[in-house]
Amino acid sequence: MTAIPMADGLILGAILFSLGLAGLLLRRNLLFILVSIEIMLNGAGVAFVAAGSRWGQPDGEVLFLFILAAAAAEVSVGLALLLRYFHRRQTLDAESMSETRG
Amino acid sequence: MLRLLWLVPALPFASSLVLALVRLPRRAVAWIATSSIAASTIISLLVAGSFLSTPPAAFAYTEALWRWFDAGSLHPEIALYLDPLSLIMMVVVAFVSFLIHLYSTEFMSGDDGYNRFFAYMNLFVASMLTLVLADNLLLLYLGWEGVGLCSYLLIGFWYRDSDNGRAGRKAFIVTRVGDTALMIGLFLLFHRLGTLNIQELMRRASEQWPIGSSAALAAALLLLGGAIGKSAQLPLQTWLPDAMAGPTPVSALIHAATMVTAGVYLIARTHVLYALAPQAQFAVAVIGAATLLMAGFSALTQHDLKRVLAYSTISQIGYMFLALGVGAWPAAIFHFMTHAFFKALLFLGAGIVIKSLNDEHDIFRMGGLRKHLPVAFWTFLIAGCSLAGLPLITAGAFSKDWILWGAYGAANGSTGLWVAALTGVLLTSLYTFRMIFLVFFGEQHSQVTYRPGNAMLIPCLVLAFLSIVGGYMKAPFASFLGTSLPWNSKVGAIPIGETASGGIAAAVFFLGVYLAYVLFLRKPNLTMAVASSRAGRVLHSLWSSDWAMDWLYDRLFVRPLVWLANSGKSDLIDGFYSGVAWLNKTAWRGASRTQSGRLRWYAAGIAAGSIVLIAVVLFL
Amino acid sequence: MTNFAHIAFYLAGAVAVLATVLAITRLVAVHALLYLIVSLLAVAVDFYIMGAPLLAALEVIIYAGAIVVLFVFVVMMLNLGTQARETERLWLTGRAWIGPAILSALLLAELIYLILRPPLLGSLSGVTSPKQIAIALYGPYVLGVELASMLLLGALVGACHLGRSSLSETEVQR
């Protein structure tokens with residue numbers, strides 16, 4: 001029996017992370033930007049679980065739980081902000097907010 | 001009583017500090033400023049009384065306050081020196097300052113900078129008294145620069161008009177030329193004689209330097225440079241007419257009565273040095289004679305009342321220099337005193353006229369004010385007669401006749417100088433009565449909108465009184481001042497007597513009055529015809545522009561310097577520094593462009609940064 | 001079983017990657033969220049194969065079940081309509097792809113190079129039970145748990161505050 005190499009799990013995480021990044025940079029819609037962030041967090045989670053599985057230790061999975069908590073917090077606040085922004089501007093275009101230009 | 005001497009400069013200084021640092025209501029400002037000078041005047045009069053009743057040994061009193069600093073062999077003291085010369089200067093300065101402060105309380109009453117004005121004025125009085133009472137040349141120089149600073153500040157007092165600021169800078173820079181010469185003179189004296197204490201300096205100079213030695217000549221000429229800068233003599237006189245941009249009381253106090261005579265005082269104070277350098281003393285006489293003539297001609301063509309008076313001041317100080325140059329030392333100081341009275345009065349009268357006519361300066365737009373401003377008219381007339389030298393009555397006649405006589409009969413006197421001084425008398429009476437006729441007689445051109453109050457009239461009346469009786473003090477004055485500043489008599493026969501000289505001057509004075517009457521009151525058309533002829537036009541433009549000196553200096557110094565500065569603006573070193581500035585600016589612009597405010601741009605920045613960092617970890 | 005697990009792992013991985021690609025390229029938000037759910041379920045399968053059954057369950061319950069449902073609610077509240085699809089189409093031009101594609105490809109290449117360098121060996125074999133995880137959470141990681149709870153509390157308060165519909169705009173700005 002040959003087990004799945006750890007590298008394959010990590011590569012899966014890396015691919016998901018890169019795809020999330022691509023989505024983040026590509027999309028102008030704030031909703032899709034939040035979705036992309038979720039994908040990136042998920043990719044990082046895959047890498048943690050793979051590492052935890054490689055050593056047979058619970059630590060990787062514990063850290064995935066923390067990521068889960070952070071993702072939940074981030075998405076709730078992010079979506080609340082998104083709603084408020086939409087109410088004011090009637091758009092979700094990220095390019096329309098440039099008030100912090102230096 | 002003499003021990004109170006230190007209070008004389010200290011009181012104005014203290015009140016200047018108070019006025020500068022504390023915000024006070026106007027009445028309080030006026031009270032503090034005027035009463036401090038009044039106290040200073042009273043103390044100086046008490047000191048003078050004590051000095052006269054019980055003269056100290058050798059007619060000199062030194063009050064050492066403390067040692068200023070120690071630097072090598074230089075130990076200047078803060079010490080005050082009182083002898084007949086400095087006593088007279090002190091009393092006149094303090095008294096005239098008091099009257100002008102009183103006048104200013106009303107004259108400046110509508111001005112925003114009331115506080116500032118009196119702070120400057122008090123500082124000026126303190127500096128002037130320090131200058132006059134200084135025991136050593138370094139302290140004198142402190143006062144010298146103090147009065148220069150106050151002069152600058154007060155000329156540019158109405159700084160919102162950039163012309164006034166320019167006039168202030170001009171005065172400061174032109175006098176700086178003279179001050180630099182004075183400073184080099186101080187260095188030379190200290191280097192050669194090892195002290196700056198004036199009495200010690202004079203003693204050592206006469207011991208170590210023979211008459212006509214080059215060191216004495218150089219020192220005397222350098223001090224003379226300082227004196228002509230401060231006293232607006234040829235060739236550094238160009239700043240004084242422009243200095244009239246300041247408020248009128250400032251012109252009266254600083255640019256007529258006191259500060260501009262500091263050069264006269266300096267030369268009189270160091271007269272021993274000039275006795276050792278006859279060429280330098282002759283130069284003083286020639287400068288004085290040339291200045292009094294040139295300024296007299298210029299005064300004839302001015303339209304601005306205050307500029308007429310400014311040229312008149314230059315001319316009168318020319319008389320003082322002439323007197324110093326020929327060795328008629330007491331005559332110079334006596335003329336300083338009478339000049340302080342009548343010229344201050346003339347300026348105060350001019351201030352009343354200008355304020356009454358709502359800031360009108362042009363004498364051709366005045367006229368007929370005799371009936372509307374009677375007090376101003378009579379006091380102005382008295383002062384004008386004193387300036388022009390109405391014989392036997394006015395103070396100015398006594399002092400001027402004395403100088404005239406000195407130009408002939410003092411040690412270095414000569415016929416040429418006497419004739420120059422006599423021509424000056426004609427010019428003086430001509431321009432003085434031109435001014436009086438145009439302002440107070442003839443038709444009225446402008447409406448009187450302001451009547452002067454008591455605070456402005458009382459100083460005028462007091463000064464008018466002094467402008468008359470001041471002349472009768474000549475005999476006691478001469479004997480008192482003679483103890484410290486003797487008259488150098490000519491050796492040998494003198495072809496003309498003092499009475500005869502005075503008689504000729506009187507005749508010339510009346511000739512001038514008559515000419516002025518004809519030219520400016522009776523037949524103004526004749527004057528116009530003369531002025532519009534070809535030669536008349538050339539002379540008029542030459543005289544009214546002060547013999548084109550400003551033009552000459554502009555071409556000679558200002559433009560080459562500006563050209564040099566401009567051509568050096570982009571050399572290698574400047575290029576380097578502006579390159580640094582350019583680099584910073586470019587970097588700033590580049591960095592601020594990354595702050596675009598766009599969310600995805602920042603995210604891309606983070607991603608690119610992490611890619612680069614991982615690459616660095618992997619491949620380096 | 002072993003081979004089956006192998007195949008299942010790579011198959012689920014491929015599904016996850018494919019579903020993610022589709023999720024980030026959809027024009028309609030609900031479609032993207034559905035593909036995201038597919039991707040998350042596939043990852044949950046991989047978690048199970050990697051020996052983390054608890055996490056596989058949590059992935060389904062919390063990620064796919066709670067977070068994505070939150071997204072769906074928001075999409076419903078926004079009520080974007082067909083106009084949004086056209087806007088998205090305008091935004092997703094060919095040129096818009098170049099930068100993100102290059103950046104993420106570079107990152108991916110670097111990560112894979114990092115992973116495949118020789119010293120990183122070993123296989124995914126360890127199975128951890130929920131009990132182990134619970135002991136670790138309330139043992140060495142108790143501080144992290146406290147922090148996570150604080151974070152969630154903060155997010156709760158923040159979301160409540162921002163979401164209040166009676167809140168006027170000026171109050172938010174203050």
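The side chain of Glu95(A) makes a polar contact with the side chain of Arg598(B), at 2.9 Å, and this contact is a convenient place to enter the structure, which is a predicted model. Glu95(A) is located in the segment after helix H3 (59-89) of chain A. If residues up to four places away in sequence are set aside, Glu95(A) touches Arg28(A), Arg598(B) and Arg600(B). With Arg600(B), Glu95(A) also forms a salt bridge, in which the closest N and O atoms are 3.3 Å apart.

These contacts belong to the interface of chain B and chain A, where 11 residues of chain B are in contact with 15 residues of chain A. The area buried between the two chains is about 980 Å², and carbon and sulfur atoms give 57% of that area. On the side of chain B, the residues that lose the most area to chain A are Gly597(B), Leu599(B) and Arg600(B), which together make up 52% of what that side buries. Across this interface there are two salt bridges, and five residue pairs are in polar contact, both partners having pLDDT 80 or more. Helix H26 of chain B, covering residues 599-619, gives the most to the side that touches chain A, with six residues. By residue type, that side of chain B divides into five nonpolar, four polar and two charged residues.

Chain A itself is built from three helices and one strand, and from the N terminus on its elements run β-α-α-α. Of its 102 residues, 65% count as buried. Among the contacts in chain A with a separation of 6 or more, residues 24 or more positions apart account for 56%.

Chain A also meets chain C, and here 80 residues of chain C are in contact with 69 residues of chain A. Chain C and chain A bury about 6,800 Å² between them, with 77% of it on carbon and sulfur atoms. Within the area that chain C buries against chain A, Ile24(C), Phe71(C) and Trp91(C) supply 10%, which is more than any other three residues supply. The count of salt bridges between chain C and chain A is one; Arg27(A) forms a salt bridge with Glu88(C), and the closest N and O atoms of this pair are 2.9 Å apart. In addition, nine residue pairs are in polar contact across the interface of chain C and chain A, again with both residues at pLDDT 80 or more. The side of chain C that touches chain A divides into 59 nonpolar, 15 polar and six charged residues.

From the interfaces we turn to the nonpolar cores. The largest nonpolar core has 201 residues, of which Leu82(B), Met90(B), Tyr274(B), Leu322(B), Ile333(B) and Phe433(B) touch the most other members. Helix H15 of chain B, residues 329-356, gives the most to this core, with 19 residues. A second core, separate from the largest one and made of 75 residues, includes Met6(A), Ala14(A), Leu16(A) and Leu82(A). To see the surroundings of one member of the largest core, the reader can select Leu322(B), which, leaving aside its neighbours within four places in sequence, is in contact with Ala285(B), Gly288(B), Ala289(B), Leu292(B), Ile403(B), Ala407(B), Leu417(B) and Ala421(B).

Some details of the backbone of chain B remain. Most residues other than glycine have a negative phi, and most peptide bonds are trans. Against that background, a cis peptide bond joins Leu234(B) and Pro235(B), with omega about 0 degrees, and Pro235(B) lies in the loop between helix H8 (214-230) and helix H9 (239-242) of chain B. Asn358(B), although it is not a glycine, has a positive phi of about 60 degrees, and Asn358(B) is placed in the loop between H15 and helix H16 (374-388) of chain B. Asp359(B), likewise a residue other than glycine, has a positive phi near 65 degrees and lies in the loop between H15 and H16 of chain B. Are these two residues buried or exposed? Asn358(B) has a relative accessibility of 60% and therefore counts as exposed, and Asp359(B), at 59% relative accessibility, also counts as exposed, the cut-off for exposed being over 50%.

Terms used:
Residues numbered from 1 in each chain as written. Chains lettered and ligands numbered in written order. Predicted model: local features only at pLDDT ≥ 70, side-chain atom pairs only at ≥ 80, totals over all residues. Heavy atoms only, no water. Core = buried A, V, L, I, M, F, W, Y, C linked by side-chain atoms within 4.5 Å. Buried < 20%, exposed > 50% of the residue type's maximum accessible area, 1.4 Å probe, protein only. Helix = DSSP H or I, 4+ residues; strand = E, 2+ residues; numbered from the N terminus. Contact = heavy atoms within 4.5 Å. Buried area = accessible area lost by both parts, 1.4 Å probe. Salt bridge = Lys/Arg side-chain N within 4 Å of Asp/Glu carboxyl O. Polar contact = N/O pair within 3.5 Å; in protein donor to acceptor, adjacent residues only side chain to side chain. Nonpolar A, V, L, I, M, F, W, Y, C, P; charged D, E, K, R; others polar.
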